[in-house]
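Biologist: Could you take me through one part of this protein in close detail? I would like to start from a single residue and then see the part of the fold around it.

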Amino acid sequence: MRSSLLALSIALLPTAAFAGAKCEPHPKSEWIPEAEAKARLEAQYEVRKFKIDGSCYEIYGKNKEGKKVEIYFDTKTLAIVKAEIEK
């Protein structure tokens, strides 16, 4: 019965709790410095919010086409790990 209650409570959690990306963890000494990463991303996107989310850099803003984006980047390479783009 206890496992049934646990399964039910997990199923009822908001989906936003699972929305993050799984970035590969790198030692902080290997990260692109935050200011440099933000500047490089601002050259490609209209960044409204830039933050660190676990082992990812994350932005909220708009792309060149003016569509809203939420994108997670690898902190060492700035490769896109996960992107949600307005349709």
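Modeller: Happy to! Let's start with His26, which, leaving aside its neighbours within four places in sequence, is in contact with Trp31, Asp74, Thr75 and Lys76. Please keep in mind that this is a predicted model. His26 sits in the loop between helix H1 (2-11) and helix H2 (34-42). Is His26 buried or exposed? Its relative accessibility is 14%, so His26 counts as buried, the cut-off being under 20%. For the protein chain as a whole, 28% of the 87 residues count as buried.

One of the contacts of His26, Asp74, leads us into the strands, since strand E3 covers residues 68-74. To place E3, it helps to have the overall order: the protein chain has two helices and four strands, and from the N terminus on they run α-α-β-β-β-β. The four strands make an open sheet in the order E1-E2-E3-E4, with antiparallel pairing. Its edge strands are E1 and strand E4 (80-85), each of which pairs on one side only. From one strand to the next, the twist averages 15°. Helix H2 packs on this sheet and touches E1, E2 and E3, and the direction of H2 makes about 145° with that of E1.

Now for the partner of E3. Strand E2 (residues 56-62) is largely enclosed by the rest of the structure, because five of its seven residues are buried. Seven bridges join E2 to E3, and the two run antiparallel. Among the bridge partners across this pair, Glu58 is matched with Tyr72 in E3, and Tyr60 with Glu70 in E3. E2 and E3 form a hairpin with five residues between them, and in the turn Gly66 has a positive phi of about 85°.

On its other side, E2 meets strand E1 (residues 46-53), and these two also pair in the antiparallel sense over seven bridges. Here Asp53 has Cys56 in E2 as its bridge partner. The hairpin of E1 and E2 has two residues between the strands, and Gly54 takes a positive phi near 65° there.

To step back for a moment, residues 24 or more positions apart account for 32% of the contacts in the protein chain with a separation of 6 or more. The outside can be described too: the protein chain exposes about 6,200 Å², and carbon and sulfur atoms supply 56% of it.

Key. Residues numbered from 1 in each chain as written. Predicted model: local features only at pLDDT ≥ 70, side-chain atom pairs only at ≥ 80, totals over all residues. Heavy atoms only, no water. Buried < 20%, exposed > 50% of the residue type's maximum accessible area, 1.4 Å probe, protein only. Contact = heavy atoms within 4.5 Å. Areas by Shrake-Rupley, 256 points an atom, 1.4 Å probe, with all protein chains shown as cover. Pairing = 2+ DSSP bridges. Axes fitted to C-alpha atoms, helices over the stretch in contact; angles between N-to-C directions.
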